[in-house]
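Me: Please take a close look at one part of this model, the open sheet, and describe how it is built and what packs on it. I would like the strand order, the pairing and the link to the core in one connected account.

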Amino acid sequence: LTFIEELEVTGQDLVQRVRELVQDSNTRRVTIFSQDGSELLSIPLTFGVVAGSFMTMSAPALAGLGALAAMVTHVRLEVTRTAHLRTASPAAPARP
């Protein structure tokens, strides 16, 4: 099950918030939009970049994100997540 969440953040909080989202194993993509609705950056996050038990971003990507954050006052984040559905465990057989 995939769903999209929208968040509003200030430019100064952008890098920290994206770092938090990257570490969330349910996050699959983070797209950053300007105040006027233009897409500024889309960051796909896949199982392939898992390191340890959390995802990491490279230093150049964080530097680029920091430069973007310095240029904007408010942005909208569109976060694509997956929800893991829990299935009920099978009932234990009845004892006679």
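Reply: The chain holds 2 helices and 6 strands. Read from the N terminus, these elements follow the order β-α-β-β-β-β-α-β. The model is predicted, and what follows describes that model.

The open sheet takes in 4 strands, in the order E1-E6-E2-E3, and their pairing is antiparallel. Its edges are formed by strand E1 (2-10) and strand E3 (39-44), each of which pairs on one side only. On average, neighbouring strands of the sheet are turned by 20 degrees against each other, direction ignored.

Strand E6, residues 74-82, runs antiparallel to E1, and 9 bridges join the two. Two pairs of residues help to locate this register. Glu8 has Arg76 in E6 as its bridge partner, and Thr10 stands opposite His74 in E6. E6 also pairs with E2, again in the antiparallel sense, over 6 bridges. In that pairing, Thr31 stands opposite Glu78 of E6. As a general point, strands of a sheet pair through backbone hydrogen bonds, either parallel or antiparallel.

Next comes the helix on the sheet. Helix H1 (residues 14-23) packs on the sheet and touches E1, strand E2 (27-33), E3 and E6. The direction of H1 makes about 0 degrees with that of E6.

The largest nonpolar core has 19 residues. Leu14, Val18, Ile32, Leu65, Val75 and Leu77 are the members that touch the most others. Two or more residues of this core come from each of E1, H1, E2, helix H2 (59-71) and E6. H1 gives the most, with 5 residues. The helix that packs on the sheet is thus also the element with the most residues in this core.

Some totals for the chain set the sheet in context. Of the 96 residues in the chain, 31% are buried. The chain exposes about 6,500 Å², and 56% of that is supplied by carbon and sulfur atoms. Among contacts between residues at least 6 apart in sequence, 72% join residues at least 24 apart. The pairing of E1 (2-10) with E6 (residues 74-82) can be read alongside that figure.

To trace the sheet in the structure, start at the edge strand E1, cross to E6 by way of Glu8 and Arg76, and go on to E2 through Thr31 and Glu78. The other edge strand, E3, ends the order E1-E6-E2-E3.

Note on methods:
Residues numbered from 1 in each chain as written. Predicted model: local features only at pLDDT ≥ 70, side-chain atom pairs only at ≥ 80, totals over all residues. Heavy atoms only, no water. Buried < 20%, exposed > 50% of the residue type's maximum accessible area, 1.4 Å probe, protein only. Contact = heavy atoms within 4.5 Å. Areas by Shrake-Rupley, 256 points an atom, 1.4 Å probe, with all protein chains shown as cover. Pairing = 2+ DSSP bridges. Axes fitted to C-alpha atoms, helices over the stretch in contact; angles between N-to-C directions. Core = buried A, V, L, I, M, F, W, Y, C linked by side-chain atoms within 4.5 Å.
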